[in-house]
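Hi everyone, thanks for making the time. I'd like to walk you through one structure today, so let's put it on the screen.

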Amino acid sequence: MKPAHKKYALAEVPRYTSYPTAVQFHDGIGAADYGQWLSQISAGEPLSLYLHIPFCKKMCWYCGCHTSVAHTYDRVGAYAHDLLAEIDLLAAALPAHHGGVAHVHFGGGSPTLLNDVDFAAICAKITMAFGTRDDMELAVEIDPRTMNAQKAKTLAKAGVSRASLGVQDFNTHVQEKINRIQPFEQVKQSVDWLRGAGVEAINFDLIYGLPGQSVDDVRHSAELALSLCPDRLAVFGYAHVPWFKKHQEMIDTSDLPGMEERFAEAKMVGKVLEGAGYIAVGFDHYAHPDDDMAKAVKAGTLRRNFQGYTTDAADILLGLGASSIGALGPGYVQNSPSLDQWRKAIHAGKLPVVRGVELQGEDAMRRAAIMTLMSAMKLDLGAHARAFNAPENALDDALVKLSPLVEDGLVHIDGQHVHVTDVGWVFVRNIAACFDTHWQASAGRHSKAV
Ligand SMILES: C[S@@+](CC[C@H](N)C(=O)[O-])C[C@H]1O[C@@H](n2cnc3c(N)ncnc32)[C@H](O)[C@@H]1O
Ligand code: SF4
């Protein structure tokens, strides 16, 4: 890494899965605002759903997700039951004229901890309560350690079309340090079961920057991952935030690769995957050229939402389950992360929203600028401002903030056209931050850029 680029890699910048980001959410937004925003949904508007299942079999020491270990099925089963009630509450709050569900994503935690009966019941309830569109995609995050042949059949029967498997790293010595023993054969078997049952699209999550991991380890993991022909890969840099996730204290910080090593690991994954013909998608995804995401990159239709890069075209994302986030035209809402509070609200017949943020002033224009830049890696500032009926120079403050990044070769500016350079691609979060009027460089609130 060039010395001039180190400050960008070390900067703590948002991932911009929303704008304003979750740091700006406050408890002044609640169920009443959500109800009003839902009532404003236009006729025919397609809906996207995110369902959060906050349970896992065992805690991975690196985990940054909202989850806890379920030692018995009782807690999971009770949660599934309450989720059915939340679906009914949400459906009742929606205007009847919405356009049905275009995309469903089960995330977590580990949605595959749901037993077959509960998973099928939730999917059936979604169809009944909201109606689904013919081209609906149903995606599920999968912990391969919870898979079996029957579960693969249940997922396929319920209409699951895409499975995202948590792979992270294939090296035993790294797996030992992260409390996640998951041999290659176990992942391969899960992929075989899923494909055999008819779940066609397979995604993998890989992580670099893990304890004890080297550039060689990352290359080995990427090569093994490729041997299973995934359709997409998400490649995350390990975010070490022990003040926020206590179990990460189990990771010995002296085992963590330094910034230069992390950067080399990120580059190595890119080299292996692009060398095999995969297309780089934004700063942390790769897709097989035949996959819809690679096609979206070419067509300029790639989007970004709470799951990161997506081909989901719906403008409305509705969250279900504890801690879920919803995105609507007027703003964002978040359900209570506390299982107890979430459940109490549902039992009281209330939508369990406890915080959010309403878009104000230039937020909608800046949100679209950031999302376009992070997806297309270019932006015409003048045309963008005009599309929002704003003055031609409305984003000129960003040009000033971008000038050091231009000098450091991350961005090229031609008049009002901003282009992310090949070098800048990995730092696109730092570039996006120049358009963010809420962001304060505050330690500990966001992960490092690389
Ligand atoms: C909900 S999990 C995926 C499904 C399932 N729970 C599993 O791990 O197999 C979402 C993904 O987030 C990523 N992840 C979790 N904690 C992370 C962290 N601290 N830093 C970077 N990525 C992380 C992992 O790649 C993980 O697969
Ligand atoms: S990485 Fe996945 S399986 Fe591991 S604790 Fe987090 S959510 Fe659970």
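One term before we look at the ligands: when I say a residue is around a ligand, I mean that its C-beta atom, placed from the backbone, lies within 6 Å of that ligand. Please also keep in mind that this is a predicted model.

So, which residues are around ligand 2? There are four cysteines to find, Cys56, Cys60, Cys63 and Cys65, along with Met59 and Thr67. Then come Gly108, Gly109 and Ser110, and finally Asp143 and Gly166. Sorted by class, that shell holds five nonpolar residues, five polar ones and one charged one.

Two of those glycines deserve a second look. The peptide bond that runs from Gly108 to Gly109 is cis, with omega near 20°. Gly109 itself sits in the loop between strand 4 and helix 4. There is another cis bond to show you, from Tyr19 to Pro20, and there omega is near -5°. Pro20 belongs to the loop that links helix 1, residues 6-10, with helix 2, residues 31-39.

Now over to ligand 1. It is surrounded by 18 residues, and the closest are Gly64, Asp143, Gly166, Asp205 and Phe236. You may recognise Asp143 and Gly166, since both were also on the list for ligand 2. Strand 4 (101-108), strand 6 and strand 7 each contribute at least two residues to the shell of ligand 1. In terms of class, we have eight nonpolar, seven polar and three charged residues here.

While we are at strand 6, let me point out Gln168, which is found in that strand. Gln168 has a positive phi of about 70° although it is not a glycine. Is Gln168 buried or exposed? It is buried, because 24 other C-beta atoms lie within 10 Å, and the cut-off for buried is 20 or more. Compare Cys229, in the loop between helix 8 (215-227) and strand 8 (232-237). Cys229 also has a positive phi, about 50°, but it counts as exposed, because it has 11 C-beta neighbours inside 10 Å.

Next, helix 5, residues 149-157. Its buried residues include Lys151, Ala152 and Leu155. These cover an arc of only 100° around the axis, so they are on the same side of helix 5. What do they pack against? The partners are helix 4 (116-130), strand 5 (132-142), strand 6 (162-168) and helix 7 (184-197). Just after helix 5, Gly159 takes a positive phi of about 100°.

Let's zoom out. The protein is divided into domain 1, residues 22-320, and domain 2, residues 361-439. Their C-alpha centres are 28 Å apart. Where the two domains touch, nine residues come from domain 1 and nine from domain 2. On the domain 1 side, those residues split into four nonpolar, three polar and two charged.

Last stop, the largest nonpolar core. It has 125 residues, and Leu373 and Ile431 are those with the most contacts inside it. Strand 7 (201-208) gives the largest share, six residues. The core draws at least three residues from each of the two domains. If you click on Ile431, its contacts include Leu373, Leu405, Leu410, Val411, Val420 and Gly424, leaving aside residues up to four places away in sequence.

That's my tour; happy to go back to any view you like.

Terms used: Residues are numbered from 1 along each chain as its sequence is written. Chains are lettered from A and ligands numbered from 1 in the order in which they are written. This is a predicted model: local features need pLDDT of at least 70, side-chain atom pairs count only at pLDDT 80 or more; totals for chains, interfaces and linings use all residues. A nonpolar core is a set of buried Ala, Val, Leu, Ile, Met, Phe, Trp, Tyr and Cys residues joined through C-beta atoms within 7 Å. A residue is buried if 20 or more other C-beta atoms lie within 10 Å of its own, exposed if 12 or fewer, and partly exposed in between; C-beta atoms are placed from the backbone. Helices (H or I, at least four residues) and strands (E, at least two) are DSSP runs, numbered from the N terminus. Domain bounds come from an automatic or database domain assignment. Two residues are in contact if their C-beta atoms, placed from the backbone, lie within 7 Å. Ala, Val, Leu, Ile, Met, Phe, Trp, Tyr, Cys and Pro count as nonpolar, Asp, Glu, Lys and Arg as charged, and the others, Gly among them, as polar. The arc is that of the directions from the helix axis to the C-beta atoms.
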